[in-house]
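Colleague: I should like to learn how to read the features of a model such as this one. May we work through it together, beginning with charged side chains?

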Amino acid sequence: MTPEEIVAQLRILRQHIPDFGPLEVSDAASLRRAATVHDDLIQASANTVGASAHVTHALGRDADSLRNERIDVSRWSAVEDELQAMHKGVASANLTRRHRLGLAALQTYMITRQLVRQREHANLLPHVEAMRRAAKFGRKRPKTAEPPEQKLPAPAPPSSS
């Protein structure tokens with residue numbers, strides 16, 4: 001499959017994920033506290049809801065719906081783990097591709113610099129110059145000028161009265 005075909009398939013898949021979508025940082029932060037409640041508390045609360053019609057009515061949810069959602073969280077956590085592993089694998093593969101490409105560019109630059117020393121390869125001089133201008137290595141970045149420190153006036157000596 002091409003990268004574009006994989007992207008299309010991923011976009012189709014995300015349409016099938018309930019509650020899919022990014023959250024604002026502030027929204028995610030506000031959800032985190034209740035989202036990280038210990039599983040024992042979740043299980044005990046489901047049991048409590050199942051034991052009391054009053055709690056079920058006040059909560060608006062029954063024990064079975066809480067238990068089913070707990071199972072769903074576990075199942076979707078497996079999907080989350082697999083997607084994280086997939087992300088790491090794709091990122092590693094892309095790093096390897098960038099390395100191969102960068103290494104080929106650096107080798108081309110070094111080989112061409114040697115070749116242009118010979119008159120028969122003078123036609124490569126503009127290419128060497130273009131690669132030299134494009135290269136980001138070996139150049140020192142200009143230092144950013146820091147604003148001069150502002151000195152506070154010295155405190156006045158105590159007056160003698």
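Modeller: Let us begin with arginine 133, which is partly exposed, with a relative accessible area of 49%. The model is predicted.

Colleague: With which residue does the side chain of arginine 133 meet in a salt bridge?

Modeller: The general idea is that side chains of opposite charge can pair when their charged atoms come close. In this case the partner of arginine 133 is glutamate 129, at 3.8 Å from N to O. The cut-off for a salt bridge is 4 Å, so this pair is counted.

Colleague: Where do glutamate 129 and arginine 133 lie?

Modeller: Both belong to helix α6, which covers residues 125-134. They are four residues apart, about one turn of the helix. Glutamate 129 is partly exposed, with a relative accessible area of 30%. Salt bridges that share partners also bring in Arg132, and Glu129, Arg132 and Arg133 thereby form one network.

Colleague: How many salt bridges are counted by this rule?

Modeller: The count comes to six. One of the salt bridges is formed by aspartate 72 and arginine 75, with the closest N and O atoms 3.4 Å apart.

Colleague: How far apart are aspartate 72 and arginine 75 in helix α5?

Modeller: They are three residues apart in helix α5, and therefore separated by about one helical turn. As to exposure, aspartate 72 is partly exposed at 33% relative accessible area, whereas arginine 75 is exposed at 57%. The cut-off for "exposed" is over 50%, so arginine 75 falls in that class.

Colleague: Which residue forms a salt bridge with aspartate 39?

Modeller: Aspartate 39 pairs with arginine 70, and the closest N and O atoms are 2.8 Å apart. This pair links distant parts of the chain, for its two residues are 31 residues apart. Aspartate 39 lies in helix α3 (residues 39-51), and arginine 70 in helix α5 (residues 63-115).

Colleague: Are these two residues buried, partly exposed or exposed?

Modeller: Aspartate 39 is partly exposed, with a relative accessible area of 34%. Arginine 70 is likewise partly exposed, at 32%.

Colleague: Let us turn to the chain as a whole. How many helices and strands does the protein chain have?

Modeller: The protein chain has six helices and zero strands. Its pattern along the sequence is accordingly written α-α-α-α-α-α.

Colleague: What share of the residues in the protein chain is buried?

Modeller: Buried residues account for 7% of the 161 residues. The accessible surface of the chain is about 15,000 Å², and carbon and sulfur atoms contribute 59% of that area. Contacts add a further view: among those between residues at least 6 apart in sequence, 20% join residues at least 24 apart.

Colleague: How much space lies in the largest pocket, and which residues lie nearest its centre?

Modeller: The largest pocket holds about 2,000 Å³ of space. Its lining consists of 40 residues, and those nearest the centre are Ile17, Pro18, Asp19, Trp76 and Glu80.

Colleague: Which elements give two or more residues to this lining?

Modeller: They are α1 (3-14), α2 (25-35), α3 and α5. The largest share of the lining, 16 residues, comes from α5.

Colleague: How is the lining of the largest pocket divided by class?

Modeller: The lining contains 23 nonpolar, six polar and eleven charged residues.

Note on methods: Residues numbered from 1 in each chain as written. Predicted model: local features only at pLDDT ≥ 70, side-chain atom pairs only at ≥ 80, totals over all residues. Heavy atoms only, no water. Buried < 20%, exposed > 50% of the residue type's maximum accessible area, 1.4 Å probe, protein only. Contact = heavy atoms within 4.5 Å. Areas by Shrake-Rupley, 256 points an atom, 1.4 Å probe, with all protein chains shown as cover. 1 Å grid on protein atoms, 1.4 Å probe; cavity = no way out; pocket = protein on both sides within 12 Å on 5 of 7 lines; lining within 4 Å. Points joined across faces, edges and corners; volume = space filled by probe spheres on them. Nonpolar A, V, L, I, M, F, W, Y, C, P; charged D, E, K, R; others polar.
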